[in-house]
Amino acid sequence: MNSWAQLYRGESDKPVWQFVADLKEAGLRSGFLIHNEDKMEMAHTFGSHGVQVGEGFDLHMIQICKPEKAAGSLQKNPERAALMPKFVTVFSAEGRTQVRFLRFNRQLIEELVQDAEFATSVGSTYDEIEQAIQASL
(Lines give C-alpha, C1' and ligand atoms only; values in the text may rest on other atoms or scores of the structure.)
Protein backbone atom coordinates (compact mmCIF):
# COMPACT_ATOMS: atom_id res chain seq x y z
CA MET A 1 0.00 0.00 0.00
CA ASN A 2 1.37 3.39 -0.99
CA SER A 3 1.16 6.17 1.56
CA TRP A 4 0.43 9.44 -0.26
CA ALA A 5 0.73 11.55 2.87
CA GLN A 6 1.90 11.46 6.46
CA LEU A 7 0.24 13.11 9.42
CA TYR A 8 2.70 14.52 11.93
CA ARG A 9 1.35 14.18 15.48
CA GLY A 10 2.78 15.99 18.45
CA GLU A 11 1.59 17.04 21.86
CA SER A 12 2.63 19.40 24.58
CA ASP A 13 1.78 20.41 28.12
CA LYS A 14 1.87 24.05 26.97
CA PRO A 15 -1.49 25.77 26.58
CA VAL A 16 -2.57 26.27 22.95
CA TRP A 17 -1.86 30.02 23.03
CA GLN A 18 1.71 29.42 24.27
CA PHE A 19 2.43 26.80 21.62
CA VAL A 20 1.14 29.18 18.93
CA ALA A 21 3.36 32.01 20.22
CA ASP A 22 6.38 29.69 20.33
CA LEU A 23 5.65 28.37 16.82
CA LYS A 24 5.47 31.92 15.51
CA GLU A 25 8.88 32.68 17.04
CA ALA A 26 10.47 29.43 15.82
CA GLY A 27 9.06 29.96 12.34
CA LEU A 28 10.38 33.50 12.12
CA ARG A 29 13.90 32.21 12.75
CA SER A 30 13.56 30.16 9.53
CA GLY A 31 11.84 32.86 7.48
CA PHE A 32 8.27 31.66 8.00
CA LEU A 33 5.36 33.75 9.12
CA ILE A 34 1.82 33.00 10.18
CA HIS A 35 -0.21 34.15 7.22
CA ASN A 36 -3.64 34.05 8.87
CA GLU A 37 -2.85 35.21 12.39
CA ASP A 38 -6.09 37.20 12.68
CA LYS A 39 -8.23 34.27 11.47
CA MET A 40 -6.56 31.13 12.84
CA GLU A 41 -8.82 30.80 15.91
CA MET A 42 -11.67 28.82 14.40
CA ALA A 43 -14.17 29.65 17.17
CA HIS A 44 -13.85 33.33 16.19
CA THR A 45 -13.93 32.56 12.47
CA PHE A 46 -17.07 30.44 12.78
CA GLY A 47 -18.63 33.03 15.08
CA SER A 48 -18.02 35.79 12.54
CA HIS A 49 -20.21 33.77 10.15
CA GLY A 50 -22.96 33.31 12.72
CA VAL A 51 -22.00 29.74 13.64
CA GLN A 52 -21.62 29.07 17.34
CA VAL A 53 -19.35 26.36 18.71
CA GLY A 54 -19.23 24.79 22.14
CA GLU A 55 -17.46 26.43 25.03
CA GLY A 56 -13.81 25.47 25.16
CA PHE A 57 -13.52 24.85 21.39
CA ASP A 58 -9.94 25.99 20.80
CA LEU A 59 -8.97 24.70 17.38
CA HIS A 60 -6.39 26.87 15.60
CA MET A 61 -5.67 26.36 11.89
CA ILE A 62 -2.34 28.09 11.41
CA GLN A 63 -1.25 28.81 7.85
CA ILE A 64 2.54 28.86 7.65
CA CYS A 65 4.14 30.78 4.78
CA LYS A 66 7.65 31.66 3.61
CA PRO A 67 6.71 34.61 1.35
CA GLU A 68 9.99 35.03 -0.51
CA LYS A 69 10.23 31.34 -1.38
CA ALA A 70 6.52 31.08 -2.23
CA ALA A 71 6.55 34.10 -4.53
CA GLY A 72 9.49 32.78 -6.54
CA SER A 73 8.04 29.30 -6.71
CA LEU A 74 4.62 30.44 -7.90
CA GLN A 75 6.09 32.74 -10.53
CA LYS A 76 8.06 29.79 -11.86
CA ASN A 77 5.01 27.48 -12.02
CA PRO A 78 1.53 28.60 -10.92
CA GLU A 79 0.38 24.94 -10.97
CA ARG A 80 2.18 24.64 -7.63
CA ALA A 81 -0.35 26.92 -5.89
CA ALA A 82 -2.79 24.14 -5.01
CA LEU A 83 -0.10 22.46 -2.91
CA MET A 84 1.33 25.61 -1.35
CA PRO A 85 -0.86 26.25 1.69
CA LYS A 86 0.68 24.59 4.74
CA PHE A 87 -1.48 24.35 7.84
CA VAL A 88 -0.51 23.37 11.35
CA THR A 89 -3.60 22.50 13.38
CA VAL A 90 -3.54 22.90 17.13
CA PHE A 91 -6.24 21.97 19.65
CA SER A 92 -6.76 20.69 23.17
CA ALA A 93 -7.66 17.11 23.93
CA GLU A 94 -7.50 15.25 27.23
CA GLY A 95 -5.78 18.16 28.95
CA ARG A 96 -2.92 18.44 26.46
CA THR A 97 -2.22 20.55 23.41
CA GLN A 98 -2.37 18.46 20.25
CA VAL A 99 -0.51 19.41 17.07
CA ARG A 100 -1.07 18.00 13.59
CA PHE A 101 0.65 18.72 10.28
CA LEU A 102 -0.09 17.02 6.95
CA ARG A 103 2.67 16.47 4.44
CA PHE A 104 2.27 14.93 1.01
CA ASN A 105 4.92 12.55 -0.28
CA ARG A 106 7.23 13.37 -3.13
CA GLN A 107 5.68 10.93 -5.60
CA LEU A 108 2.21 12.43 -5.18
CA ILE A 109 3.50 15.99 -5.60
CA GLU A 110 5.39 15.07 -8.75
CA GLU A 111 2.34 13.28 -10.15
CA LEU A 112 -0.04 16.14 -9.41
CA VAL A 113 2.02 18.98 -10.88
CA GLN A 114 4.64 17.15 -13.01
CA ASP A 115 7.37 19.09 -11.23
CA ALA A 116 10.25 17.17 -9.61
CA GLU A 117 12.04 20.38 -8.56
CA PHE A 118 8.96 21.49 -6.62
CA ALA A 119 8.59 18.08 -4.96
CA THR A 120 12.13 18.41 -3.62
CA SER A 121 11.59 22.00 -2.51
CA VAL A 122 8.33 21.22 -0.71
CA GLY A 123 9.98 18.31 1.06
CA SER A 124 12.59 20.62 2.56
CA THR A 125 9.85 23.08 3.54
CA TYR A 126 7.93 20.29 5.29
CA ASP A 127 11.11 19.39 7.19
CA GLU A 128 11.65 23.00 8.28
CA ILE A 129 8.04 23.31 9.49
CA GLU A 130 8.32 20.08 11.48
CA GLN A 131 11.54 21.36 13.07
CA ALA A 132 9.75 24.57 14.09
CA ILE A 133 6.89 22.51 15.53
CA GLN A 134 9.28 20.31 17.50
CA ALA A 135 11.14 23.34 18.83
CA SER A 136 7.79 24.75 19.98
CA LEU A 137 6.46 21.70 21.77
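D115 is buried, its relative accessible area being 8%. In this predicted model, that residue is a useful place to begin, since D115 takes part in a salt bridge with the side chain of R80, where nitrogen and oxygen are 2.7 Å apart. R80 lies in the loop between α3 and β4 (86–93), while D115 lies in the loop between α4 (106–113) and α5, so the pair ties together parts that are 35 residues apart in sequence. R80 counts as buried as well, at 4% relative accessibility.

## Salt bridges

How many salt bridges does a search of the whole structure find? The search finds 13 of them, and three are set out in the table below, each with the separation of its nitrogen and oxygen atoms and the accessibility of both partners.

| Salt bridge | N to O distance | Relative accessible area of each partner |
|---|---|---|
| R80 and D115 | 2.7 Å | R80 4%, D115 8% |
| R106 and E110 | 2.8 Å | R106 40%, E110 27% |
| D38 and K39 | 3.5 Å | D38 67%, K39 52% |

The pair formed by D38 and K39 has its closest N and O atoms 3.5 Å apart. With a relative accessible area of 67%, D38 is exposed, and K39 also counts as exposed, at 52%.

R106 and E110 form a salt bridge whose closest N and O atoms are 2.8 Å apart. Both residues belong to helix α4, and because they are four residues apart there, about one helical turn separates them. R106 is partly exposed, with a relative accessible area of 40%, and E110 counts as partly exposed too, at 27%. Elsewhere, K76, R80, D115 and E117 are joined into one network by salt bridges that share partners.

## The largest pocket

The largest pocket has a volume of about 250 Å³. Its lining is made up of 17 residues, and those that lie nearest the centre of the pocket are C65, K66, A70, M84 and K86. Which elements each supply at least two residues of this lining? They are β3 (60–65), α3 (67–76) and α5 (116–136). Divided by class, the lining of the largest pocket has nine nonpolar residues, five polar ones and three charged ones.

## The cavity

The structure also holds one cavity of 30 Å³ or more, and the largest cavity has a volume of about 30 Å³. Which residues line the largest cavity? The lining consists of L23, G27, F32, I64, I129 and A132, with α1 (16–29) and α5 each supplying at least two residues. Helix α5 therefore appears in the description of both spaces, as a contributor of at least two residues to the pocket lining and to the cavity lining. In terms of class, the residues around the largest cavity divide into five nonpolar and one polar, with no charged residue among them.

## A nonpolar patch on the surface

On the surface, F46, V51 and F57 make a nonpolar patch of about 230 Å². One of these residues, F46, has its place in helix α2, which covers residues 42–48. F46 counts as partly exposed, at 30% relative accessibility.

Note on methods: Residues numbered from 1 in each chain as written. Predicted model: local features only at pLDDT ≥ 70, side-chain atom pairs only at ≥ 80, totals over all residues. Heavy atoms only, no water. Patch = residues over 30% accessible without salt bridge, like charges linked within 9 Å, V, L, I, M, F, W, Y side chains within 5 Å. Areas by Shrake-Rupley, 256 points an atom, 1.4 Å probe, with all protein chains shown as cover. Buried < 20%, exposed > 50% of the residue type's maximum accessible area, 1.4 Å probe, protein only. 1 Å grid on protein atoms, 1.4 Å probe; cavity = no way out; pocket = protein on both sides within 12 Å on 5 of 7 lines; lining within 4 Å. Points joined across faces, edges and corners; volume = space filled by probe spheres on them. Nonpolar A, V, L, I, M, F, W, Y, C, P; charged D, E, K, R; others polar.
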